[in-house]
Protein chains: 2
Amino acid sequence: MAAEDPLITELTDLAFHVSGRLQQGFNAIAAELDLTPVQAVALVNLRDPAPMRDLAGVLHCDASNVTGIVDGLERRGLVTREPAPTDRRVKHLILTDEGHRRRNHLMTEANTRAEALFNLPPADRRHLRDLLATIVNADQQHS
Amino acid sequence: MAAEDPLITELTDLAFHVSGRLQQGFNAIAAELDLTPVQAVALVNLRDPAPMRDLAGVLHCDASNVTGIVDGLERRGLVTREPAPTDRRVKHLILTDEGHRRRNHLMTEANTRAEALFNLPPADRRHLRDLLATIVNADQQHS
DNA sequence: GCAGATACTTGAGAATGTCAACTATCGAGA
DNA sequence: TCTCGATAGTTGACATTCTCAAGTATCTGC
């Protein structure tokens, strides 16, 4: 069993720190908009007329979980469920005007916070992107 | 309100992808060892004779939460609570032999998986570390 | 038209987290 | 010394997020 590589440990800690800070910022914006974290994630990842099942796919969770999340968004008047004309089992999720507003607010605010966090010279930002993309692409090959 | 910077969005997505994969691997190892994810995090972040309050600090959570987590670890025979001699309010957490074993297993397995994920030439690994460290250090200055 | 697959909902229950209230103990100052 | 405010830990109530199993409605292929 190989001794632990301190560089790997360091990279792991740094990766968690960065993503933790991003998440923390996102959750704070969500709370300002009277959304639970998961509701906010769902709102951002919603493509306008899309079946609930698609959202379950994006969120990597069970369909029954999506029912509850969408209940919350519907209760707040941000989305509506519309039966799909082509398949009556399917319900399409449609953003209301207020839903679009909060979604835009969430995305622009999250972008502002992320920009402050990734506070590097443009060349370093691109280099960081390339290094992370290499890792992610190799990882997706494997899966 | 500035239009969104696609590079920032990309960096955000990549950071979540990497940390998500790390977490997923860690949780899988925890499950093999009959530990919930949070119990495993607690086990790894335990410094051997330390008050429960310290663990709450490391985990960034309420003290009442730590009570339940430690209950689980104690039930599994991995830690014991020992009253601190200097301050009878305090209980020190002590790892049992089995606690040490699972802790080591967790850390080495997590390191192995992380090493496979951060599959880059050594120079790139160090460069990635430096870029992330710059971000994290600047962030900690601000807080 | 029937059998099996699919979309969504419901209900039970686990894991994680917060907050408020309580007990026990500590430390500092009148 | 005694008392008051702070601190460590626990408990109980509750919110959030998640999974699984079961049920309903609908679709598709034979």
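Buried area is here the accessible area that two parts lose on being put together, summed over both. In this predicted model, the area buried in that sense between chain B and chain A amounts to about 4300 Å², and carbon and sulfur atoms account for 75% of that area. Within the share that chain B buries against chain A, 14% is supplied by B:Ile8, B:Leu11 and B:Ile135, which is more than any other three residues provide. The contact draws on 41 residues from chain B and 41 residues from chain A.

The arrangement of the two chains was examined by superposition, in which a rotation of 180° with 0.0 Å of shift along its axis places chain B on chain A with an RMSD of 0.1 Å. The two copies are therefore related as by a two-fold rotation axis. The same surface serves both copies, in that 100% of the contact residues of chain B recur in chain A.

Within chain B, helix α2, which spans residues 37-44, contributes several buried residues, namely B:Gln39, B:Ala40, B:Ala42, B:Leu43 and B:Val44. These buried residues of α2(B) pack against four helices of chain B, α1 (6-32), α3 (52-59), α4 (63-75) and α5 (97-117), and also against the strand β3 (91-95) of that chain.

The surroundings of DNA strand D involve both protein chains. Of the 21 residues around this strand, those that come nearest are A:Ser64 from chain A, together with B:Arg53, B:Ser64, B:Thr67 and B:Arg81 from chain B. At least two residues of the surface near DNA strand D are supplied by each of α2 (37-44) and α4 (63-75) of chain A and by each of α3 and α4 of chain B, and the largest share, 3 residues, comes from α4(B). In character, the residues of this surface divide into 8 charged, 7 nonpolar and 6 polar.

On the side of the nucleic acid, 71% of the atoms of DNA strand D within 4 Å of the protein belong to sugar or phosphate, while the rest belong to bases. Several backbone atoms of the protein lie beside phosphate oxygens of the strand. In chain A, a polar backbone atom of A:Asp62 is 3.0 Å from a phosphate oxygen of DNA strand D, and a backbone N or O atom of A:Pro37 lies 3.2 Å from a phosphate oxygen of DNA strand D. In chain B, a polar backbone atom of B:Lys91 is placed 3.1 Å from a phosphate oxygen of DNA strand D.

How values were computed. Residues numbered from 1 in each chain as written. Chains lettered and ligands numbered in written order. Predicted model: local features only at pLDDT ≥ 70, side-chain atom pairs only at ≥ 80, totals over all residues. Heavy atoms only, no water. Least-squares fit on C-alpha atoms with pLDDT ≥ 70 in both. Contact = heavy atoms within 4.5 Å. Buried < 20%, exposed > 50% of the residue type's maximum accessible area, 1.4 Å probe, protein only. Near = heavy atom within 4 Å. Polar contact = N/O pair within 3.5 Å; in protein donor to acceptor, adjacent residues only side chain to side chain. Nonpolar A, V, L, I, M, F, W, Y, C, P; charged D, E, K, R; others polar. Buried area = accessible area lost by both parts, 1.4 Å probe.
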